[in-house]
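Here is the note you asked for, set out as numbered points for someone who has the coordinates open.

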Amino acid sequence: MQTNPVDLKITNGLLLTMNGADDQYTEGALTVRDGRIEAVGEAQDFLAVAARKTIDAKGGIIMPGL
């Protein structure tokens with residue numbers, strides 16, 4: 001597990017992963033490090049993740065890759 005903060009954490013939104021399984025997380029979050037998506041999942045799993053910048057999606061859609 002990384003101890004350094006991620007560059008960006010986006011949380012509190014419907015996360016549409018657009019992966020092969022079309023995974024979706026109703027209360028989703030993702031992290032970005034060095035310009036690449038590092039992790040996606042349920043927002044509760046990211047509560048302890050430190051980030052240089054955090055964006056609250058405020059219930060909107062998080063759709064990485066566009």
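The points below go from the strand pairing to the nonpolar core and then to the charged pairs.

1. The model is predicted, and every value quoted here should be read with that in mind. On that basis, local features are described where pLDDT is at least 70, and side-chain atom pairs count only at pLDDT 80 or more.

2. Strand β1, which covers residues 6-16, is a useful place to start. Seven bridges join β1 to β2 in an antiparallel arrangement, and in this pairing L8 stands opposite V32 of β2. Strand β4, residues 51-56, runs parallel to β1 and is joined to it by five bridges, with V6 having A51 as its bridge partner in β4. Strand β5, residues 61-62, is also parallel to β1, through two bridges, and here L14 has I61 as its bridge partner.

3. How many of the eleven residues of β1 are buried? Eight of them are, so the strand is largely enclosed by the rest of the structure.

4. The largest nonpolar core consists of six residues, namely L8, I10, L15, L30, V32 and I62. Both β1 and β2 (24-33) supply at least two residues each to this core, and β1 gives the most, with three. As a general background, nonpolar side chains in soluble globular proteins tend to be buried together.

5. V32 deserves a separate look, being a member of that core and the residue opposite L8 in the strand pairing. Once its neighbours within four places in sequence are left aside, V32 is in contact with V6, D7, L8, I37 and E38, and two of these contacts, D7 and E38, return below as salt-bridge residues.

6. A search of the whole structure finds two salt bridges. One is formed by D7 and R52, whose closest N and O atoms are 2.8 Å apart; this pair links distant parts of the chain, with D7 in strand β1, R52 in strand β4 and their positions 45 residues apart. D7 is partly exposed at a relative accessible area of 27%, whereas R52, at 59%, counts as exposed.

7. The other salt bridge brings together the side chains of R33 and E38, at 2.6 Å from N to O. Is R33 buried or exposed? R33 is buried, because its relative accessible area of 15% lies under the 20% cut-off, while E38, at 39%, counts as partly exposed. In general, side chains of opposite charge can pair when their charged atoms come close.

Terms used. Residues numbered from 1 in each chain as written. Heavy atoms only, no water. Core = buried A, V, L, I, M, F, W, Y, C linked by side-chain atoms within 4.5 Å. Buried < 20%, exposed > 50% of the residue type's maximum accessible area, 1.4 Å probe, protein only. Helix = DSSP H or I, 4+ residues; strand = E, 2+ residues; numbered from the N terminus. Contact = heavy atoms within 4.5 Å. Pairing = 2+ DSSP bridges. Salt bridge = Lys/Arg side-chain N within 4 Å of Asp/Glu carboxyl O.
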